[in-house]
Structure formats: C-alpha cells, structure tokens
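Ready for a short tour? Keep your viewer open and have the selection tool at hand, and we will go from stop to stop together.

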Amino acid sequence: MKRLLIFILLFSSQLFAAGAIQLEFSGQEIRQGALVRAKLFVPPESLNLPLQKLKGETLGETLYFHQLSPLLKKAGSLKYEAEAQVIFIKVPGKNNFTTQIGDQVFDLSWNSIEVFPVETPDQLIWADFTAPDFFEGNLFWVWILLLVLIITSVGYYAWSKVSARKTEKKRRLKLVSEFRACQNYDDVVNLWKKKRDYIQEFPHLASYFIPFEEILFRYQFKPSQTENEKNEVMKAYRHLIDQSEGGFNGI
C-alpha cells in the first residue's frame, strides 16, 4: 500500500510539474505594463517544453511574453538560455507560479524584483464630457468643416479634370501644328514616317493619306529626285492638308 502511494505521488509530480524555467531581470524595480528584457534559463530536463509557443502568450494571467530568442548553451554552463521581452500585466503576489503550455505543466520563477502597479486616476481626462455633448455644442462648426471639405474635394476634382483636358488639348494642337508645318520635300518624308502616330490620334487622316502616298511613292524610293518631282510631292502634301482641315475642328 505504501509503495502504491509513493508511485501515485511521483506520477502526480511528473504530471503537474513537467519542468521548470526561470527568468532573470537585470533591474530590481519594474513597472506594471512596461516592456522589459530578461534572460530565460532552461535546465536540460525542461527542453521538452514547447518554449517557442511562449511568444504572444500570457502565463498565469500575470506575465506576457512579447519576444523570445532561440535557446543557446554557453560553454561551461549547465543551463540553456534565451533573450526574452516580457510584460507584467498585473502585480504578482510572489516570484513564481505553476502554469502550462498546451498540456505541458511547468513552474515559472524569477529573481527577486519589485513590480510597481500603474496608478489609474479616479477620473479620466474625458470623464467630464462625452462625444455627443461635444458635437451638440459645436454642431454648426462641424457642418461648416464638412462643407469646406466637400467643396474643396469637388473643386480639386474639377480642377484636375480641366487641367488634364487642357494638357491633352495642347498636345493635340502641337501635333496638328507639326502636321501642317512641312516646308520642303524632306519635311514631308519625315511626316510620312510618323503616319501611324497621326492616324492613331486623328483617324480621319487615314483616307486622305492614300492619294497622297500614291504620288509620294512614285519618287520617294528613287536614288534622287528632281525639283519638279519634289514640287509634285509638295503639291500633294498641300492637297492633303486642305482635305484634312475639317477633321481638326473641335480640338
């Protein structure tokens, strides 16, 4: 019977205290809610604990683990250690408690420190008024502010649209000016090389380029052109300008 009791006690101690870890703080005074650094020491027999699950966990409704580095073992040391960042979310009554990670129960302790509670004022700064009271007393100015914001937004949107249209109109007018600006045969050939750009911007030019090209192609690919041939091409170019003028209206 005595042996059975001893076995039960040993089994219970393994079940409810599967390991033990310890925190060591460098300072002696810590404020509740402050993020503080500490070293976590783990003996070899507690390495089976899933310690990386501590990150983001609150243990014993007292200690929150914000960060935890991987465990390392220094030469000559029997224990493993890690860098930890923790927060005391409430003032502990003692420097240890039993807790668990998943189904693993263990003891957590720390060196002798004093945790000072955060003092909460009896009345908060905003306790003397409420948001509805504030809006009720300043409703006129709230509406004025909203109206100014709406007008400003609408004005900016309209300005950006008008500005974009003006920029687009200037670009198209520049293309029209280039299209009309050929002064000699070489200028006309360069205009023809940009034919696709002009037609893409002004589709009505497509049909007018056909008779113009019939004349241009007669001479363009010859080694050289006579003055009469160049004059004929220039005449065809001026005819192209005259035919296409109506399509530029409304730019």
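Before the first stop, one term: two strands count as paired if DSSP finds at least two bridges between them. Bear in mind, too, that this is a predicted model.

**Stop 1: a strand with two faces**

Select residues 96-101, which make up strand S7. Which of its side chains are buried? Show the side chains and you will find that they alternate along the strand. Phe97, Thr99 and Ile101 point to one face and are buried. Asn96, Thr98 and Gln100 point to the other face and are not buried.

**Stop 2: the partner strand**

Now add residues 104-110, strand S8. S7 and S8 pair in the antiparallel sense, over six bridges. To see one place where the strands face each other, pick Thr99 in S7 and look across to Phe106 in S8, which stands opposite.

Next, go to the turn of this hairpin, where two residues lie between the strands. Click on Gly102: its phi is positive, near 65°.

**Stop 3: salt bridges**

How many salt bridges does the model have? The count comes to 10, and we will visit some of them.

Begin with Lys74 and Glu81, whose closest N and O atoms are 3.7 Å apart. Is each partner buried or exposed? Lys74 counts as partly exposed because its relative accessibility is 47%. Glu81, at 11% relative accessibility, counts as buried, because buried means under 20%.

Move on to Glu245 and Arg180, where the side chains meet in a salt bridge of 2.9 Å, N to O. Glu245 lies in the segment after helix H7 (227-244) and Arg180 in helix H3 (residues 139-180), so this pair ties together parts that are 65 residues apart in sequence. Both ends are partly exposed: Glu245 has a relative accessible area of 27%, and Arg180 is at 40%.

Then select Glu232 and Arg218, a salt bridge with its closest N and O atoms 3.2 Å apart. Here Glu232 belongs to helix H7 and Arg218 to helix H6 (residues 205-219), so the pair ties together parts 14 residues apart in sequence. Glu232 is partly exposed, at 28% relative accessibility.

**Last stop: a network**

Finally, select Glu168, Arg171, Arg172 and Glu201 together. What links these four residues? They are joined in a network of salt bridges.

Key:
Residues are numbered from 1 along each chain as its sequence is written. This is a predicted model: local features need pLDDT of at least 70, side-chain atom pairs count only at pLDDT 80 or more; totals for chains, interfaces and linings use all residues. Side-chain values use heavy atoms; hydrogens and water are left out. Buried means under 20% relative accessible area, exposed over 50%, partly exposed in between (1.4 Å probe, protein chains only). Helices (H or I, at least four residues) and strands (E, at least two) are DSSP runs, numbered from the N terminus.
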